[in-house]
Amino acid sequence: MNRKIGCLNGAVLKIIAMITMTVDHVGLILLDDYRPFRIIGRIAFPIFAYLLAEGCFYTRHKKRHFLEVFIVALVCQIGYFVAAGDMYLNVLFTFSLSIPLIYLLLAVKNKKAPAPLFLGALALTVALCILLERVGVYFDYGFAGVLLPVFAALGNNKYEKLTLTAVGLLLLALIMQGNQWWGLMALLPIALYDGTRGKVRNKYAFYIFYPLHMVVIYGISMLIC
């Protein structure tokens, strides 16, 4: 019998991640990189990464899932370029690289694809991130951020997923340093995840909230400057 262990469903985790992400962006944009807010914000990305891995496992519409993330990433990036004028690629582009890797990993687990194919795709993805950084194009959280959801997807049960997520967060912190060590705080709410989506279905909430909250924050920043 599968027994739920935890008290937070996926909907609650997503809300926690959206709130802490908003705090992070307020601290970055409106409060001149205010460190306490940036520390709180480190909780958001690991939760989103973990939920992405869960979503890849359960979705029956893999192509649509990828396209939804990629299209929202593209729309947001156009806004970022207009507002900031740089090519720092937003976190949904990071996840757009993670998703195909997770699908390929799941195919390997189900013996529908050879392991060397996944390893080759993994190496190619890391190489792409590094090469793009050398020409001034950066994925948010870099290649370690791309790999974090993949670490979670490697696990076969909750404890393995949590342990591998911790390993991925340590790699991310070692590479990025600074406030990123506080990302380990996200392991607590992730550990409390009960494996269910929750009664409130908010599949598209993040896709709407992500660009909307950035528009509001940038709008406020222009008004107060």
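Here are some exercises with worked solutions on this predicted model.

**Exercise 1. Find the salt bridge that joins Asp-24 to its partner, and work out which parts of the chain it ties together.**

Start with the side chains. Asp-24 and Arg-42 meet in a salt bridge, with N to O at 2.6 Å. That sits inside the 4 Å cut-off for a salt bridge.

Next, place the two residues. Asp-24 is in helix α1 (residues 10–30), while Arg-42 is in the loop between α2 (35–41) and α3 (44–58), so the pair links parts that lie 18 residues apart in sequence.

Now check burial, where the cut-off is under 20% relative accessible area. Asp-24 comes out at 7%, so call it buried. Arg-42 has 5%, so that one is buried too.

**Exercise 2. List what surrounds Arg-42, leaving out residues up to four places away in sequence.**

Begin with the polar side: the Arg-42 side chain makes a polar contact with the side chain of Asp-24, at 2.6 Å. Then go through the rest of the contacts. Arg-42 touches Asp-24, Tyr-141, Asn-179, Gln-180, Trp-182 and Gly-183.

**Exercise 3. How many salt bridges does the structure hold, and what do the ones at Asp-33 and Glu-68 look like?**

The count first: there are five.

Take Asp-33. Its salt bridge is with Arg-38, and the closest N and O atoms are 2.6 Å apart. Asp-33 is partly exposed, at 42% relative accessible area. Arg-38, at 15%, is buried.

Now Glu-68. This side chain meets that of Arg-64 in a salt bridge, 3.9 Å from N to O. Both residues belong to helix α4 (residues 62–84), and as they are four residues apart, about one helical turn separates them. On burial, Glu-68 is buried at 14%, while Arg-64 is partly exposed at 41%. To finish, look for shared partners: salt bridges join Asp-24, Asp-33, Arg-38 and Arg-42 into one network.

**Exercise 4. Describe the largest nonpolar core: how many residues does it have, and which helix gives the most to it?**

Count the members: the largest nonpolar core has 58 residues. Then pick out those with the most contacts inside that core, which are Ile-47, Phe-48, Leu-92, Phe-95, Phe-206 and Tyr-210. As for the helices, α5 (residues 91–109) contributes the most, with 13 residues.

Now zoom in on Phe-206. Setting aside residues up to four places away in sequence, Phe-206 touches Lys-14, Met-18, Met-21, Phe-48, Leu-92 and Pro-211. Two names on that list, Phe-48 and Leu-92, also turn up among the core residues with the most contacts.

**Exercise 5. Trace how Ile-29 meets a part of the chain that is far off in sequence.**

First, locate Ile-29: you'll find this residue in helix α1. At 23% relative accessibility, Ile-29 counts as partly exposed.

Second, look at the backbone. Ile-29 and Ile-217 are 188 residues apart along the chain, yet their C-alpha atoms are separated by 7.3 Å.

Third, list the neighbours. Leaving out anything within four places in sequence, Ile-29 contacts Met-214, Ile-217, Tyr-218 and Ser-221.

Fourth, come at the contact from the other end. Ser-221 is in helix α10 (residues 205–224) and is buried, at 10%. With neighbours within four places set aside, Ser-221 is in contact with Ile-29 and Leu-30. Closer along the chain, a polar atom of the Ser-221 side chain lies 2.6 Å from the backbone oxygen of Tyr-218.

**Exercise 6. Walk along helix α8 (residues 158–176): compare its reach with the expected one, then see what it packs against and what sits at its ends.**

Reach: α8 has 19 residues and spans 26 Å from first C-alpha to last, close to the 27 Å expected at 1.5 Å a residue.

Packing: the buried residues of α8 are Lys-161, Thr-165, Ala-166, Gly-168, Leu-169, Leu-172 and Ala-173. These pack against α3, α7 (142–154) and α9 (187–191).

Ends: Asn-157 caps the N-terminal end, with a side-chain oxygen 3.1 Å from the backbone nitrogen of Tyr-159. After α8 comes Gln-177, which has a positive phi, near 60°.

Conventions:
Residues are numbered from 1 along each chain as its sequence is written. This is a predicted model: local features need pLDDT of at least 70, side-chain atom pairs count only at pLDDT 80 or more; totals for chains, interfaces and linings use all residues. Side-chain values use heavy atoms; hydrogens and water are left out. Helices (H or I, at least four residues) and strands (E, at least two) are DSSP runs, numbered from the N terminus. Buried means under 20% relative accessible area, exposed over 50%, partly exposed in between (1.4 Å probe, protein chains only). A nonpolar core is a set of buried Ala, Val, Leu, Ile, Met, Phe, Trp, Tyr and Cys residues joined through side-chain atoms within 4.5 Å. Contact means heavy atoms within 4.5 Å. A polar contact is a pair of N or O atoms within 3.5 Å; within protein, one must be able to donate a hydrogen and the other to accept it, and residues adjacent in sequence count only if both atoms are side-chain atoms. The expected span of a helix is 1.5 Å times one less than its number of residues.
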